[in-house]
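Me: Please take a close look at how the pieces of this chain pack and pair. I am a first-year student, so go step by step.

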Amino acid sequence: MDLHDAHGWLIDLLNNISVQFQKVPGSAIFLRYVKSSYQNDPVRSAVELFLFLFAVRYLLAPKYSTSKKSYVKLTDEEIDELVDEWVPEPLVAPQTSFEEAENEKRPVIVGPTGPKSKLANGRVVTNVASYNFYNLAGNETVKEKAIQTLRTYGVGPCGPPGFYGTQDVHQKTEADISAHLGTTACIVYAQAFSTISSVIPAFSKRGDIIVADKAVNFAIRKGMQISRSSIRWYEHNDMVDLQNVLASVVKEQAKKPLTRRFIVTEGLFENLGDMVDLVKVVELRHRYKFRLILDETWSFGVLGRTGAGVTEHQGVNVKEVDMLVGSLAGPLCAGGGFCAGSSEIVEHQRLSASAYTFSAALPAMLATTASEVLAMLESNSEMLTQVRENIKTMWGQLDPRSEWVHCTSAVENPIMILVLKAEVVASRKLSISEQEQLLQEMVDEALANGVMMTRLKSMPRGINITAKEVGWELQPGLKVCLSLGLSRKEVERTGTVIRHAITKVMKARR
């Protein structure tokens, strides 16, 4: 058969196929559809042909069983034996003898918390263990405002903010915080701890990168853990190391798909009391194009001319911080937390932040209390001045005058963290548990002399850090909280009692 004959045979075959196809019902409609489709959009016809062929291939593919058992079948006796041998892990670790002794001696306050607190045993002691910096826990103006709100709105909204839990007082508090900080918008959460631990996973997901200070608090660590992001640590408050880590991340990600990158740090560090170098952090975040999440749980209401936090204190424009997180439960004597930033940042959290979406809204009286205290801080800067004077007085009694401890807190921080000096720990070869024991004895000795303070509690190690890789670990310490409710003489006496308690315990354990 030559080429001419083959061509004729192919034409006859196509004609026969066409005649047979036209006998099929609906074939004319199908042909018109194909012709019009090809003329108007040939790409569409190609895609439809591909999908048709894929469907045919899928239908003709060999079947496989999804119920095929690929495990070893056990007898009933073997199952019973394994069940009898199984011992579940305890939900919590058993208490140590040290923890049991601490719980037995834990003081219990009867009545309101204040600079002078009454204990269950009837003694009245000087309280430097609470965050009542401005002595507002018993303030009559704040109390009356809260009572009026309680009578108007009830105890709580009993619903999440997005499901009929938002009240006008919540919107007012958000506006008040936003105006106080100078941000575009603000969102209020019902719990302080869950604020930062919800904000982080609302923005950072699996595959994203978080660069965090090794000393960040437990709430931040939980938020990073929930986010499942890649965590990179830098040495505590070491801006040179931070720069090296940022540069390393940028270099590693240069040829990889673009990811979201965050720097997470605190204003005043919960575990050490010192302050972040925010000016340098902002400079580095712009240089390496990272977003910044700043936790001001302990600096909001404390630092700055009006208590607006570390941004006001260090003269940093608040717009340089993408997410500014704070607490309403500490210095403001209310409850809940907040996140301030741009309107886009805030509105995203109303649907994506778990603690906001799934938790009942903040009780109205706590929202009103927060707004009232903010107004007091703005109109009466003397409150901040008095607290700072008491801080200076206490520093003069403890840090330079004690041969055993030194303060790691910033001089503006009303929470003084006192840790044993490095030379003392080294000379006595004190382990972490031995330091905790000594510090608890100091707490007990001070309480016996009429001063109630507390210890800095330990926290889990960093995420994804093995025992071999730990470069920073929390050193046990004493925690002393100052209040303007104490006079200068009372602060001096309290400092003297604490210093003598430290000396007595250390000399007794030579």
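Reply: Helix α9 spans residues 193-203, and helix α10 spans residues 218-227. Their axes lie 7 Å apart, at an angle of about 30°. This comes from a predicted model. Angles under 35 degrees count as roughly parallel. α9 and α10 are therefore roughly parallel to each other. Their crossing is right-handed.

Now look at the residues that touch. From α9 come Phe193, Ile196, Ser197, Ile200 and Pro201. They meet Phe218, Ala219, Ile220, Lys222, Gly223, Met224, Ile226 and Ser227 of α10. Sorted by class, this contact has nine nonpolar, three polar and one charged residues.

Take a second helix pair. Helix α8 covers residues 168-181, and helix α16 covers residues 364-379. The angle here is about 25°, and the axes are 9 Å apart. α8 and α16 are therefore roughly parallel to each other too. Their crossing is left-handed. α8 brings Val169, His170, Lys172, Thr173, Asp176, Ile177 and His180 to the contact. α16 brings Ala364, Ala367, Thr368, Ala370, Ser371, Leu374 and Glu378. By class, six residues are nonpolar, five are polar and three are charged.

Next, the strands. Strands of a sheet pair through backbone hydrogen bonds, parallel or antiparallel.

One open sheet has four strands, in the order β1-β2-β3-β13, with mixed pairing. β1 (109-110) and β13 (451-452) stand at the edges. Each has a single partner strand, so one side of each is left without a neighbour in the sheet.

Walk across this sheet from β1. β1 and β2 are antiparallel and share two bridges. Ile109 faces Leu119 of β2 across the pair. The two strands form a hairpin, with five residues between them. In that turn, Gly111 has a positive phi of about 90°.

Then comes the step from β2 (residues 116-119) to β3 (residues 124-127). These strands run antiparallel too, joined by three bridges. Ser117 has Val125 as its bridge partner in β3. β2 and β3 make a hairpin as well, with four residues between them. Gly122 in this turn has a positive phi of about 95°.

Which side chains of β2 are buried, and which are not? In a regular strand, side chains alternate between the two faces of the sheet. Along β2, Ser117 and Leu119 point to one face and are buried. Lys116 and Lys118 point to the other face and are not buried. Ser117 therefore has a double entry here: it is buried under the 20% cut-off for relative accessible area, and it is the partner of Val125.

Compare that pattern with strand β12, residues 415-420. β12 is mostly covered, with six of its six residues buried. Ile415, Ile417 and Val419 point one way. Met416, Leu418 and Leu420 point the other way. In β12, both sets are buried.

β12 also has pairing partners. Strand β11 (residues 405-407) pairs with β12 in the antiparallel sense, over three bridges. There, His406 stands opposite Val419. Strand β15 (residues 477-481) is antiparallel to β12 too, and four bridges join them. Here Lys479 of β15 stands opposite Ile417.

Technical notes. Residues numbered from 1 in each chain as written. Predicted model: local features only at pLDDT ≥ 70, side-chain atom pairs only at ≥ 80, totals over all residues. Heavy atoms only, no water. Pairing = 2+ DSSP bridges. Axes fitted to C-alpha atoms, helices over the stretch in contact; angles between N-to-C directions. Parallel < 35°, antiparallel > 145°, perpendicular 65-115°, else oblique. Left-handed = near helix turned anticlockwise from the far one by under 90°. Contact = heavy atoms within 4.5 Å. Nonpolar A, V, L, I, M, F, W, Y, C, P; charged D, E, K, R; others polar. Buried < 20%, exposed > 50% of the residue type's maximum accessible area, 1.4 Å probe, protein only.
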